[in-house]
Amino acid sequence: STCYDLSLVRTQLRTFIQMLGHDPIMSDYNDFLYDHRNHTHTSCINEVQGVDVVVVIVGSRFGGDAIRETFESINFEKLINDNFKFDDLISKCSVTQAEVFKASELNIPIYAFVDQNVWHDHELYSKNKKNTSIINQIVFPSIEKQETARYIFEFIDFLRKKSNNNAIFTFSKVQDIEDTLKKQ
């Protein structure tokens with residue numbers, strides 16, 4: 001998830017995960033080593049290899065663009081299936097998305113949570129995306145920067161259309177995420 005718009009959610013989930021007896025690994029808490037020989041984005045991707053589970057929260061912001069070097073350690077060929085083509089997701093990809101791609105490649109369990117309002121707008125996008133004359137005129141109220149909407153929604157499609165490890169949950173408050181994680 002992005003740190004700025006979801007900082008409160010991230011903080012609450014960190015405490016919740018710790019109360020369950022697990023160790024959350026979060027960049028904004030300096031929970032992992034930033035290898036000085038690499039870009040910080042590469043360190044984020046490298047850290048994914050050592051986790052047991054990934055919890056991804058999709059909200060209204062896209063986040064920072066991952067640098068090209070980040071993709072060198074992700075085997076995209078392993079992720080391509082008949083249901084989803086990467087097209088230009090790779091050309092504009094956030095660090096969070098790259099982390100999820102790496103987790104998918106390694107078959108690490110992913111628990112994806114999408115803000116309910118973003119999910120609603122995603123449905124509108126999905127129904128209209130093939131009609132380019134309409135889709136470019138739609139304003140998606142849940143998305144902070146309209147020019148990033150497509151990349152957020154295509155990422156949700158990636159999560160949904162994977163052949164396995166593709167459960168997605170919606171949330172409107174942190175308690176929704178906590179309740180789902182307890183059940184899982």
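## Close-up views of a predicted model

**View 1. Helix 3 and its buried residues.** In helix 3, the buried residues are Val95, Thr96, Gln97, Ala98, Val100, Phe101, Lys102, Ala103, Ser104 and Glu105. The model shown here and in the other views is predicted. The count is 10 of the 11 residues of helix 3, so the rest of the structure largely encloses this helix. Which elements do the buried residues of helix 3 pack against? They pack against helix 2 (40-48), strand 1, strand 2 and helix 6. After helix 3 comes Asn107, with a positive phi near 60°.

**View 2. An aromatic pair between helix 3 and helix 6.** The whole structure contains 8 aromatic pairs. One of them joins Phe101 and Phe158: the ring centres are 4.9 Å apart and the planes stand at 90°, so the pair is edge-to-face. Phe101 belongs to helix 3 (residues 95-105) and Phe158 to helix 6 (residues 149-161), so the pair ties together parts that are 57 residues apart in sequence. Are these two rings in buried or exposed residues? Phe101 is buried, at a relative accessible area of 0%. Phe158 is buried too, at 2% relative accessibility. Phe155 joins Phe101 and Phe158 in one aromatic cluster.

**View 3. Strand 2 with strand 1 and strand 3.** Strand 2 covers residues 110-115, and 6 of its 6 residues are buried, so strand 2 is largely enclosed by the rest of the structure. Ile110, Ala112 and Val114 point one way from the strand. Tyr111, Phe113 and Asp115 point the other way. Strand 1 (residues 54-58) runs parallel to strand 2, and 5 bridges join them. Within that pairing, Val55 stands opposite Tyr111. Strand 3 (residues 168-171) also pairs with strand 2 in the parallel sense, over 4 bridges. Here Val114 has Thr170 of strand 3 as its bridge partner.

**View 4. The largest cavity.** How many cavities of 30 Å³ or more does the structure hold? The structure holds 1. The volume of the largest cavity is about 120 Å³. Rolling a probe the size of a water molecule over the atoms shows where such empty space is left. The lining includes Ser1 and Thr2, together with Ile57, Val58, Gly59, Arg61 and Phe62. Ser94, Thr96, Gln97, Ile152 and Phe155 line the cavity as well. At least two lining residues come from each of strand 1, helix 3 and helix 6. Two of the lining residues link this view to earlier ones: Thr96 is among the buried residues of helix 3, and Phe155 is part of the aromatic cluster.

**View 5. Cys93 and Cys44.** How many disulfides does a search of the whole structure find? The search finds 0. A disulfide is a covalent bond between the sulfur atoms of two cysteines. For Cys93, the closest cysteine sulfur is in Cys44, and it lies 12 Å away, too far for a bond. The cut-off for a disulfide is 2.5 Å between the sulfur atoms. Cys93 is buried, with a relative accessible area of 2%. Cys44 counts as buried at 8% relative accessibility.

**View 6. Ser126 in helix 4.** Ser126 lies in helix 4, which spans residues 116-128. Ser126 has a relative accessible area of 28%. Ser126 is therefore partly exposed, because buried means under 20% and exposed over 50%. Asp157 is 31 residues from Ser126 along the chain, and their C-alpha atoms are separated by 8.7 Å.

Key
Residues are numbered from 1 along each chain as its sequence is written. This is a predicted model: local features need pLDDT of at least 70, side-chain atom pairs count only at pLDDT 80 or more; totals for chains, interfaces and linings use all residues. Side-chain values use heavy atoms; hydrogens and water are left out. Buried means under 20% relative accessible area, exposed over 50%, partly exposed in between (1.4 Å probe, protein chains only). Two strands pair if DSSP finds at least two bridges between them. Rings of Phe, Tyr and Trp (its six-membered ring) pair if their centres lie within 6.5 Å; planes under 30 degrees apart count as stacked, over 60 as edge-to-face and the rest as tilted. Contact means heavy atoms within 4.5 Å. On a 1 Å grid over the protein atoms alone, a cavity is a set of points where a 1.4 Å probe fits but cannot get out, and a pocket is an open set with protein on both sides within 12 Å along at least five of seven lines; lining residues have an atom within 4 Å of a point. Grid points are joined across faces, edges and corners, and a volume is the space filled by probe spheres set on the points.
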